[in-house]
Amino acid sequence: MTTTSLRTRMRSRRPDVVAQAETHEFKRKLALALRALRKEKQLTQKDIEARSTLTQPMISRLEAPTGGLPNWDTVMRYVQACDGHMLLGFSGSEFDESAFVSAPSAASEDVVSAVAM
């Protein structure tokens with residue numbers, strides 16, 4: 001007798017939940033990338049608030065792994081407040097996000113996180 005996991009059965013019966021989980025996966029990656037940038041720059045959420053027009057609760061939502069996706073203007077303001085940089089690329093082939101990430105060091109401006117979808 002073949003048994004399937006509860007997760008597999010739920011995924012086959014609820015494609016809407018699967019789609020929502022995929023959206024959350026991108027949001028989770030984006031949130032972790034933003035948080036990694038802020039921490040690499042040794043900034044607090046209050047520091048970002050002082051350097052931008054974003055409020056601390058907005059910053060907390062940006063760094064939360066779930067919830068709605070922010071608009072690009074908000075993400076750009078966050079990155080600018082961190083004195084960071086953002087790379088956006090489009091390709092017909094799949095991106096390997098690990099190829100864009102290098103180990104951070106105190107003396108360099110390496111990429112600390114990447115998000116591929």
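A salt bridge here means a side-chain nitrogen of Lys or Arg within 4 Å of a carboxyl oxygen of Asp or Glu. Keep that cut-off in mind for the pair R35 and E63, whose side chains meet in a salt bridge at 3.9 Å, N to O. The model you are looking at is a predicted one, so let's place this pair in its setting before returning to it.

Start with the overall layout. The chain has five helices and zero strands, and from the N terminus on its elements run α-α-α-α-α. Of the 117 residues in the chain, buried ones make up 24%. The accessible surface comes to about 8,300 Å², and carbon and sulfur atoms account for 55% of that area. If you look at contacts between residues at least 6 apart in sequence, 60% of them join residues at least 24 apart.

Now step inside. In soluble globular proteins, nonpolar side chains tend to be buried together. In this model, the largest nonpolar core has 13 residues, and L34, I48, Y78 and C82 are those with the most contacts inside it. Two or more residues of this core come from each of α2 (15-40), α4 (56-62) and α5. Helix α5 provides the largest share, four residues. C82 is a good residue to click on next: leaving aside its neighbours within four places in sequence, C82 is in contact with L37, R38, K41, L43, I48 and R51.

Another useful stop is Q45, which sits in helix α3 (residues 45-51). Is Q45 buried or exposed? Its relative accessibility is 17%, and because buried means under 20%, Q45 counts as buried. Not counting residues up to four places away in sequence, Q45 touches R38, Q56, I59, S60 and E63.

That brings us back to E63 and its partner. The salt bridge between R35 and E63 links distant parts of the chain, with R35 in helix α2 and E63 in the loop between α4 and α5, 28 residues apart. The two ends differ in their surroundings: E63 counts as buried at 3% relative accessibility, whereas R35 counts as partly exposed at 27%. R38 belongs to this story too, since salt bridges that share partners join R35, R38 and E63 into one network.

The structure holds seven salt bridges, and two others are worth a look. D83 forms one with R51, the closest N and O atoms being 3.2 Å apart. Because D83 lies in the segment after α5 and R51 in helix α3, this pair ties together parts that are 32 residues apart in sequence. R51 counts as partly exposed, at 44% relative accessibility. The side chains of R14 and D16 also meet in a salt bridge, at 2.7 Å from N to O. Here R14 is partly exposed, with a relative accessible area of 38%, and D16 is partly exposed as well, at 43%.

Finish on the outside. Which residues make the nonpolar surface patch of about 590 Å²? They are W72, M76, M86, L88 and F90. F90 is in the segment after α5 (72-81), and at 74% relative accessibility F90 counts as exposed, because the cut-off for exposed is over 50%.

Technical notes:
Residues numbered from 1 in each chain as written. Predicted model: local features only at pLDDT ≥ 70, side-chain atom pairs only at ≥ 80, totals over all residues. Heavy atoms only, no water. Patch = residues over 30% accessible without salt bridge, like charges linked within 9 Å, V, L, I, M, F, W, Y side chains within 5 Å. Areas by Shrake-Rupley, 256 points an atom, 1.4 Å probe, with all protein chains shown as cover. Buried < 20%, exposed > 50% of the residue type's maximum accessible area, 1.4 Å probe, protein only. Contact = heavy atoms within 4.5 Å. Core = buried A, V, L, I, M, F, W, Y, C linked by side-chain atoms within 4.5 Å.
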